[in-house]
Amino acid sequence: HLTLKIMTTTKPKKTTRKAAPIPDLPVNPFIFEILDVVVAQKTKARKIEALRKFGDNALKTIFIWNFDETVISTLPPGDVPYAAVDEQDSFSGTLSEKIRDAVGKMGELGTKSLGSQDQGRSSIRAEFKRFYNFVKGGNDALSSLRKETMFINILQGLHPLEAEIVVLTKDKKLQTKYKLTKEIVAEAFPDIKWGNRS
């Protein structure tokens, strides 16, 4: 008589690849460095993990100004005028154009460093405590001219990629450059209270 041999096939075990850790950044990184790491993550969960790793008050301030509908900028929308007297002859156009030009050159060179010019450049981390002056209810006693002058002075001191973030944020357009949503930010930072700010 014939005996049938029953073949059993064992499925190969699935090897789960552990995701690489979120990259480290220098101490007190620029906000653009943080956002670059965050948007490079492929999944929502990884983006949230990266935001939590680097989350601080400067980053949260940018997100609140950008994503909270009740935070209203008291600065004019659009391009920022150029106001540096010492460079007036060497550059014509707006400060926004100058920032875009500097950012474009960095892209061409494939570097985010200004080299020796990085020295003495400020960061959002160093300046964010002054941002309340530029939103409704923050410092309404300040004249529009004074606010705009202060804003221009801050921008001119910032690293160009930091300045670009501030200009985008004032017009609530940060997500046009950095692919992030309010939902992801809110999940990463449940301590942020949204609404009723102005």
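Hi everyone. Let me start with a pair of helices: H1 and H3 are roughly perpendicular to each other. Their axes are 10 Å apart and pack at an angle of about 75°. On the H1 side, the contact is made by Ile31, Ile34 and Leu35, and on the H3 side by Ala58, Leu59 and Phe63. Sorted by class, those residues come out as six nonpolar, no polar and no charged.

Before I go on, please keep in mind that this is a predicted model.

Now a step back to the whole chain. What does the protein chain have in the way of helices and strands? It has eight helices and zero strands. Read from the N terminus, then, the elements run α-α-α-α-α-α-α-α. The chain has 198 residues, and buried ones make up 39% of them. About 12300 Å² of the protein chain is exposed, with carbon and sulfur atoms supplying 55% of that area. And here is something about how the chain folds back on itself: take the contacts between residues at least 6 apart in sequence, and 73% of them join residues at least 24 apart.

Let's return to H1, which covers residues 31-40. Which residues of H1 are buried? They are Ile31, Phe32, Ile34, Leu35, Val37 and Val38. These buried residues pack against H2, H3, H5 and H7.

We have met H3 already, so let's look at H7, residues 160-170. The axes of H1 and H7 come within 8 Å and cross at roughly 75°. H1 and H7 are therefore roughly perpendicular to each other. Ile31, Phe32 and Leu35 from H1 meet Leu161, Glu162 and Ile165 from H7. By class, this contact has five nonpolar residues, no polar ones and one charged.

As a general reminder, two packed helices are described by the angle between their axes and the distance between the axes. So do keep both numbers in view for the next pair.

That pair is H3 and H7. Their axes are 8 Å apart, and the angle is about 35°. H3 brings Ile62, Trp65 and Asn66 to the contact, while H7 brings Ile165, Val166, Leu168, Thr169 and Lys170. The classes here are five nonpolar, two polar and one charged.

How many of the 11 residues of H3 are buried? Nine of them are, so we can call H3 mostly covered. The buried set is Ala58, Leu59, Lys60, Ile62, Phe63, Ile64, Trp65, Asn66 and Phe67. Together, the buried residues of H3 pack against H1, H2, H5, H6, H7 and H8.

This brings us to the nonpolar core. The largest one has 50 residues, and those with the most contacts inside it are Leu35, Leu51, Phe63, Ile124, Phe131, Leu155 and Ile165. The elements giving two or more residues to this core are H1, H2, H3, H4, H6, H7 and H8. Which element gives the largest share? That is H3, with seven residues.

Phe63 is a nice one to click on in the viewer. Setting aside residues up to four places away in sequence, Phe63 touches Leu35, Leu51, Asp68, Leu174, Leu180, Val185, Phe189 and Trp194.

Next, a residue in H4: Val103. Is Val103 buried or exposed? Val103 counts as buried, because its relative accessibility is 14% and the cut-off for buried is under 20%. Val103 and His159 are 56 residues apart along the chain, and their C-alpha atoms are separated by 9.5 Å. Leaving out neighbours within four places in sequence, Val103 is in contact with Pro160, Leu161, Glu164 and Lys177.

Last stop: two asparagines. In general, most residues other than glycine have a negative phi. Asn28, in the segment before H1, has a positive phi, near 50°. Asn196, found in the segment after H8, also has a positive value, near 55°. Are these two buried or exposed? Asn28 counts as exposed at 56% relative accessibility, and Asn196 is exposed too, with a relative accessible area of 80%.

If you would like one thing to take back to your own screen, try H3: it is mostly covered, and it gives the largest share of the core. Thanks for listening!

Technical notes:
Residues are numbered from 1 along each chain as its sequence is written. This is a predicted model: local features need pLDDT of at least 70, side-chain atom pairs count only at pLDDT 80 or more; totals for chains, interfaces and linings use all residues. Side-chain values use heavy atoms; hydrogens and water are left out. Helices (H or I, at least four residues) and strands (E, at least two) are DSSP runs, numbered from the N terminus. Buried means under 20% relative accessible area, exposed over 50%, partly exposed in between (1.4 Å probe, protein chains only). Contact means heavy atoms within 4.5 Å. Accessible areas come from the Shrake-Rupley method with a 1.4 Å probe; for residues, only the protein chains shown count as cover. Axes are lines fitted to C-alpha atoms, for helices over the stretch in contact, and angles run from 0 to 180 degrees between N-to-C directions. Angles under 35 degrees count as roughly parallel, over 145 as roughly antiparallel, 65 to 115 as roughly perpendicular and the rest as oblique. Ala, Val, Leu, Ile, Met, Phe, Trp, Tyr, Cys and Pro count as nonpolar, Asp, Glu, Lys and Arg as charged, and the others, Gly among them, as polar. A nonpolar core is a set of buried Ala, Val, Leu, Ile, Met, Phe, Trp, Tyr and Cys residues joined through side-chain atoms within 4.5 Å.
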